[in-house]
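This briefing introduces a structure to a reader who has not met it before. Please look over the sequence and the model shown here before turning to the points that follow.

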Amino acid sequence: MSRRPAAVAASVLTVLLLGAVSACSSTSSAASGGSGGTPTVKLMAGGLDKQIYLPYQLAQQLGFYKKYGVNVQLSTEQDGGVGAEDAMASGQVDMAGAWYNHTIEFQAKGKAVEDVVQLSGAPGEREMCTKKSGVHSGADFKGRTLGVTDLGSGTDTLTQFLAAKKGVKAGQFHRIGVGAGSTAIAALQNGKVDCVMTTQPTVAAIQKKGVGTSAIDLATTSGATAAMGGAYPAASVLARTDWVNSHKATVQKVVDALVATMHWINTHSAADIANKLPASYVSNQLVTKADYIAALTEDKGQFLPDGLMPAGGPKTSLATERLVGDVKSPVDLSKTFTNDFAIQANKTEGFKTTTAPAGPNG
């Protein structure tokens, strides 16, 4: 029996309206888990194939997101594109795999963003310089051209900090964005820059090609402490505070997965880690797998074993921002990070924590 036109029209209208409501609320319902389903979270990292950011993909490879009941959709920022932290702040993604210092910068701009799990206590970066540059510390930056990932990036802030700490003002040297990987290497090879601040596996490729050597080590917690005066919390997971407050159960699942990943990293070798990562990450036009493993073995000390923000870390980061001049207004460090999710994750799994956690004042 055919349906009357009016009934059909009403039915179609109802379907369209329901579809519109569903489309408008898809991100919210997915992240919150909807009606008992597995929550979906969009996380963009500042370069998934970089060693400093390997935990995000490793957690996926190990099946930990699935194990802890969350579907994490990973993406990576592209050179010249929107940064992961900005994509998160604007709502394009739910979370960002980025450096902690951005939370301080956002607060200074009136935006509430927080770090929900801390993956490293060091930037994982090295200042790679040509032999003829004569650079051995920030004191030697005067008159030099220095490559950073992008102007305004974490590597840019660190470069300015290393100079300022030695009394060299920003106007006394030149900074340009050179990206990472092949573009950073080319900048050194072609004499476009004297040094470039970069991470593994680019560091290993630069050394293998003989176009630069490590002048300043910020790749491990001990190295960062020596160069910067304290642990420098870098790789982390950032999210808008309003989003965290309305999705606490989902945030806990993501943190559970990443804390389990950090524990796994701490109890396995660089070779074990490399074997779990996508083949293209560990063997490509820049490095061989052996190079990748050697580099990770050298710099594995940057990773924290329990996801806790280390004591003194926020203060070091704030001091960096103030010395560089990026942040001049008052900052409430207690609103830039939380250890609550990581503490609960470690407690749930029975992991013994070894990182001295930062208090509310950093």
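Among contacts in the protein chain with a separation of 6 or more, 79% join residues that are 24 or more positions apart. The model is a predicted one. Its protein chain comprises 17 helices and 10 strands, and 53% of the 362 residues are buried.

**The disulfide**

- The structure contains one disulfide, formed by C129 and C195, whose sulfur atoms are 2.2 Å apart.
- Because C129 belongs to strand β5 (residues 125-129) and C195 to strand β8 (residues 195-199), the pair ties together parts that are 66 residues apart in sequence.
- The disulfide is right-handed, because the torsion about its S-S bond is about 110°.
- C129 counts as buried, since its relative accessibility is 2%.
- C195 is likewise buried, with a relative accessible area of 0%.

**Strand β8 and the cavity**

- The count comes to one cavity of 30 Å³ or more, and the largest cavity has a volume of about 40 Å³.
- Residues lining the largest cavity are K50, I52, E125, T149, T155, G179, A180, M197, T198 and T199.
- By character, this lining divides into three nonpolar, five polar and two charged residues.
- Strand β8 gives the most to the lining of the largest cavity, with three residues.
- T198, one of the lining residues, is found in strand β8.
- With a relative accessible area of 3%, T198 falls under the 20% limit and is therefore buried.
- Beyond residues up to four places away in sequence, T198 touches G124, E125, R126, M128, V203 and I206.

**From β8 into helix α9**

- P201 is located in the loop between β8 and α9, and the peptide bond leading to P201 from Q200 is cis, with omega near 5°.
- Helix α9 spans residues 202-209, and T202, V203, A204, A205 and I206 are buried within it.
- These buried residues of α9 pack against β5, α8 (182-189), β8 and α15 (289-299).
- Two of the buried residues of α9, V203 and I206, are also among the residues that T198 touches.
- Just after α9, G210 adopts a positive phi of about 75°.

**L286, in the loop before α15**

- L286 lies in the loop between α14 (279-282) and α15.
- The relative accessibility of L286 is 17%, so L286 counts as buried.
- Leaving aside neighbours within four places in sequence, L286 is in contact with G181, S182, I185, T202 and A205.
- Of these partners, T202 and A205 are among the buried residues of helix α9.
- L286 and K208 are 78 residues apart along the chain, while their C-alpha atoms are separated by 9.3 Å.

**Y68 and its surroundings**

- Y68 is situated in the loop between α4 (64-67) and β2 (71-76).
- Y68 is buried, because its relative accessible area of 12% is under 20%.
- Apart from its neighbours within four places in sequence, Y68 is in contact with K253, D256, A257, A260 and E349.
- The side chain of Y68 makes a polar contact with the side chain of E349, at 3.1 Å.
- Y68 and T250 are 182 residues apart in sequence, yet their C-alpha atoms are 9.8 Å apart in space.

**T261 in helix α12**

- T261 has its place in helix α12 (residues 248-266).
- T261 is buried, with a relative accessible area of 0%.
- Not counting residues up to four places away in sequence, T261 touches P55, L58, A59 and F64.

Key. Residues numbered from 1 in each chain as written. Predicted model: local features only at pLDDT ≥ 70, side-chain atom pairs only at ≥ 80, totals over all residues. Heavy atoms only, no water. Helix = DSSP H or I, 4+ residues; strand = E, 2+ residues; numbered from the N terminus. Buried < 20%, exposed > 50% of the residue type's maximum accessible area, 1.4 Å probe, protein only. Contact = heavy atoms within 4.5 Å. Polar contact = N/O pair within 3.5 Å; in protein donor to acceptor, adjacent residues only side chain to side chain. Disulfide = S-S within 2.5 Å. 1 Å grid on protein atoms, 1.4 Å probe; cavity = no way out; pocket = protein on both sides within 12 Å on 5 of 7 lines; lining within 4 Å. Points joined across faces, edges and corners; volume = space filled by probe spheres on them. Nonpolar A, V, L, I, M, F, W, Y, C, P; charged D, E, K, R; others polar.
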